[in-house]
Amino acid sequence: MVQDTTLNPPASPTRAAPSVALAPQAWLHRPAQVIDGASAGPLAGLRFAVKDNIDVAGWPTTAACPAFTHTAGAHASVVQTLLDAGASLQGKTNLDQFACGLNGTRSPYGAVPNAINPLYVSGGSSSGSAYVVASGQVDFALGTDTAGSGRVPAGLNNIVGLKPSRGLISARGVLPAAQAVDCVSIFATTVATAARVLAAAIAHDPADPYSRSLKMADTPFGARFRFGVPAQPVFFGDEAARAAFGDALLQLQALGGEAVPLDFTPFETCAEMLYGSALVAQRYAAIRDFFDTHEADVMEPVRGIIAAGKDYSAADLVDAQTQLAALAQQAQALWQGIDLLVVPTAPTHHTIERMQADPVALNRQLGAYTNFVNLLDYAALSVPASLRADGLPFGITLIGRCGSDWQLAELGQRFHHASGLPQGATGVPLPAMQAIPGLSTATTQVRVAVVGAHLSGMPLNGQLTERGATLLTRTHTAPAYRLYALPGTVPPKPGLLRVAPGEGHAIEIEIWDMPLAHYGSFVALVPAPLSIGTLQLADGGSVQGFLCEPLALQGATDISHLGGWRAYIASTRAAPVATP
């Protein structure tokens, strides 16, 4: 007899959630007999789960509402596609009821805890899918994303959340939350796995009214890129999150990025419209037939949110759509001169107890940087950034224009691997980086300039050669730098500082070509106060290389006049011996 671990419906859909310590209800349906995928394919050997608003033939679909439960007659299109690609389906996961929420506590089957600290929320509505990935129970999982449900749980659980451009993955067989702006999302512990799944899942589906074929950007952003950030970011008093975001921006700059502060008012206004305008009528329309006859079976605050959609007229919806189009025009102007946006995935993190005491206001905080993305037809990728000082995960989201999915994945992978974080809550280190499948001209090598202890023949040169790096050339920086011998460093190291025009020297450097797959592990070895930034070359070009924080140069010796570290080392060895 096949064992079925499907949860029995609770006695009342509005009863209090069970204790997290006793019932971390990430799974809603996990049969002993999994559904095997094809014996061969691009995803062969991978295990996956799906959020329980996605149909699987012969399995119940509950949308976390017992009264709504029915047995699906066919696989959702994306489920069939992934099975055909070789992945095996392990079960279905818990969610905020009817995919309405960003915190993971709005389920009558129990709150899904955070995978790192179970006292905190997991993020929702794709809470169960994020949890089973972060805890290593599956290799990837499907969620859905209307207002951030494919990103917030990723950011709060130290995993990757890929929210593709709308319409890339068929939503046929997926119960919508707001059909015009919904999309299927992907959770994984690495960007490479998420991108691999996306590549297998992309398919135009004429049976899905919002499916579309898109021209995808197929070249990386490059060694130098500009990213827009909120000029006045909000963290709702969470200083640990503020500090973590600041550190993440520094890391992006070390990867060649330039931060561009932007007035985020158009995005903020757009985000407020998702629930504060007639656009919320889409929530009601998605389950209108069920809701009109079973309103009492829907738990609060989901019931009140969906019911609000009944109060708007058709004219109200037209007005809201016109206002949204106007905001999109304003937002488009902000894209001039930038390649992408970078925001905190979630600006703060709440305990389950606090969330349940104030479920509407605190849930709204979690969506501060997510609600506008689908409304404005952008692609997004949430990647882990750090573990905060209090041990909680912090993630950032890279947001790009529609069709920029592969570009975001390439940059997101470099950022994630430079973090040195483990995979989810497993403690397993990140594997080597992989090529992003959709980039036809993807860079497989990265050039990095070294100025001191990593020069050929110097003590740390092995950190380059053991990663397969090869020396390209010896050259000089532009005459815009000063070089200092840092005191007390072992082995001795210099600090390179960019200075004002007319105050610098051309400094000798070496440029090495390193496999991209090993670049993240190399950057992770760079100790403070050194960092990786963009160096200007004598020939007018630029390359990533070592720089130093100005404050670290107190007490350092200015050796710029010698023109490079080799000359300095030679001078110390050739120092005359004192005559007796």
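This is a short tour of a predicted model, stop by stop, with what to select at each one.

**Stop 1: Ser 122**

Start by selecting Ser 122, which sits in the loop between strand S5 (88–93) and helix H2 (127–134). Is Ser 122 buried or exposed? With a relative accessibility of 0%, Ser 122 counts as buried, because the cut-off for that label is under 20%. Now show its side chain and pick Val 112: a polar atom of the Ser 122 side chain is 3.0 Å from the backbone oxygen of Val 112. Val 112 is also one of the residues that Ser 122 contacts beyond its neighbours within four places in sequence. To see the rest of that set, add Asn 103, Gly 104, Pro 113, Asn 114, Ser 127, Pro 153, Leu 156 and Asn 157.

**Stop 2: helix H2**

Ser 127 leads you into the helix, so select 127–134 next, the span of H2. How many residues of H2 are buried? Eight of the eight are, so H2 is largely enclosed by the rest of the structure. Click through them if you like: Ser 127, Gly 128, Ser 129, Ala 130, Tyr 131, Val 132, Val 133 and Ala 134. For the surroundings, colour strand S1 (27–29), strand S2 (47–51), S5, strand S6 (140–145), helix H3 (152–157) and strand S8 (183–188), which the buried residues of H2 pack against. Before leaving, check the backbone at Gly 136, just after H2, where phi is positive at about 80°.

**Stop 3: the nonpolar cores**

In soluble globular proteins, nonpolar side chains tend to be buried together. Here, select Val 342 and Ile 396, which touch the most other members of the largest nonpolar core, a set of 106 residues. Stay on Ile 396 and bring up its contacts more than four places away in sequence; among them are Phe 245, Ala 248, Leu 252, Val 342, Leu 381, Val 383 and Phe 415. There is also a second, separate core of 30 residues, and you can find it by selecting Ala 178, Val 181, Phe 267 and Ala 278.

**Stop 4: the largest pocket**

Next comes the largest pocket, with a volume of about 860 Å³. Its lining has 30 residues, and the ones closest to the centre are Leu 250, Gln 251, Ala 254, Ser 531 and Ile 532. Which element supplies the largest share of this lining? Helix H5 does, with seven residues. Select H5 (239–254), then strand S19 (530–536) and helix H14 (405–419), which are among the elements that each supply at least two lining residues. Coloured by class, the lining shows 16 nonpolar, nine polar and five charged residues.

**Stop 5: the second largest pocket**

Move on to the second largest pocket, at about 560 Å³. Centre the view on Ala 271, Glu 272, Arg 364, Gln 365 and Asn 371, the closest to the pocket centre of its 27 lining residues. Helix H6 (265–276) is one of the helices that each give at least two residues to the lining, and H6 gives the most, with six. By class, this lining has 17 nonpolar, six polar and four charged residues.

**Stop 6: the largest cavity**

Finish inside: the whole structure has four cavities of 30 Å³ or more. The largest has a volume of about 120 Å³. Select Val 451, His 454, Pro 494, Leu 530 and Phe 546, the closest to its centre among 14 lining residues. Strand S17 (494–498) and strand S20 (542–548) each supply at least two residues of the lining, which divides into ten nonpolar, three polar and one charged.

Key:
Residues numbered from 1 in each chain as written. Predicted model: local features only at pLDDT ≥ 70, side-chain atom pairs only at ≥ 80, totals over all residues. Heavy atoms only, no water. Helix = DSSP H or I, 4+ residues; strand = E, 2+ residues; numbered from the N terminus. Buried < 20%, exposed > 50% of the residue type's maximum accessible area, 1.4 Å probe, protein only. Polar contact = N/O pair within 3.5 Å; in protein donor to acceptor, adjacent residues only side chain to side chain. Contact = heavy atoms within 4.5 Å. Core = buried A, V, L, I, M, F, W, Y, C linked by side-chain atoms within 4.5 Å. 1 Å grid on protein atoms, 1.4 Å probe; cavity = no way out; pocket = protein on both sides within 12 Å on 5 of 7 lines; lining within 4 Å. Points joined across faces, edges and corners; volume = space filled by probe spheres on them. Nonpolar A, V, L, I, M, F, W, Y, C, P; charged D, E, K, R; others polar.
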